[in-house]
Amino acid sequence: MTDAKTQIDETVKNNDVVLFMKGTKEMPQCGFSSRVAGVLNFMGVQFADVNVLADDAIRQGIKDYSDWPTIPQLYVKGEFVGGCDIITEMTLSGELDTLFEGQGVGFDKEAADKIREANG
């Protein structure tokens, strides 16, 4: 499990935004992963995606790494942000915009506003 932990740690630290998900950002394999990847893609956020279905050690390892039981998991600048429900809530409240702005992560503010308008 040390190899998986090292790989996860390096991925989280070497990418500004990382989504550990089922599937890929181009082809999510579950609804929750699809929702978070869809939000990030729509907002134009550049992010690394890690398909946990491709490696059982990573799939379990990320749960241990964050002490969070579910996937997807979003990391921004090395910090665990949350899973699908938290990211959805943060998107709708504007907290995700604030987080990205504070961390210097580029995103399309108009797209974020459109998500809120459509769900308001």
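The following paragraphs describe the interior packing of this predicted model, beginning with its nonpolar cores and then turning to individual helices.

The largest nonpolar core comprises 22 residues, and those touching the most other members are Leu19, Leu40, Met43, Val45, Leu74 and Phe100. At least two residues of this core are supplied by each of the strands β1 (17–21) and β3 (73–76) and by each of the helices α2 (31–42), α4 (84–93), α5 (95–103) and α6 (109–119). The largest share, four residues, is contributed by α2. A further core of twelve residues lies apart from this one, and Val12, Ala48, Ile58 and Ile62 are among its members.

Leu19 illustrates the surroundings of a core residue. When neighbours within four places in sequence are left aside, Leu19 is in contact with Ser33, Val36, Ala37 and Leu40, with Phe47, Ala48, Asp49 and Val50, and with Pro72, Gln73 and Leu74.

The packing of α2 against α4 can be considered next. Two packed helices are described by the distance between their axes and by the angle between them. The axes of α2 and α4 come within 9 Å and cross at roughly 30 degrees, and the crossing is left-handed. On the α2 side, the contact is formed by Phe32, Arg35, Val36 and Val39, while α4 contributes Cys84, Ile87, Thr88 and Thr91.

How are the buried residues of α5 arranged around the axis? The residues in question are Leu96, Asp97 and Phe100. Because they span an arc of only 105 degrees around the axis, they lie on the same side of α5. The elements covering these buried residues include α2, β3, α4 and α6. On the face turned away from the buried side, α5 carries the exposed residues Thr98 and Gly102. After α5 comes Gly104, which has a positive phi, near 70 degrees.

Within helix α6 lies Arg116. Is this residue, Arg116, buried or exposed? Its relative accessible area is 17%, and since the limit for a buried residue is under 20%, Arg116 counts as buried. The side chain of Arg116 makes a polar contact of 2.8 Å with the side chain of Asp113. Not counting residues up to four places away in sequence, Arg116 touches Thr91, Leu92, Gly94, Asp97 and Lys109. Two of these residues have already appeared above: Thr91 takes part in the contact between α2 and α4, and Asp97 is one of the buried residues of α5.

Terms used
Residues numbered from 1 in each chain as written. Predicted model: local features only at pLDDT ≥ 70, side-chain atom pairs only at ≥ 80, totals over all residues. Heavy atoms only, no water. Core = buried A, V, L, I, M, F, W, Y, C linked by side-chain atoms within 4.5 Å. Buried < 20%, exposed > 50% of the residue type's maximum accessible area, 1.4 Å probe, protein only. Contact = heavy atoms within 4.5 Å. Arc of directions from axis to C-beta. Polar contact = N/O pair within 3.5 Å; in protein donor to acceptor, adjacent residues only side chain to side chain. Axes fitted to C-alpha atoms, helices over the stretch in contact; angles between N-to-C directions. Left-handed = near helix turned anticlockwise from the far one by under 90°.
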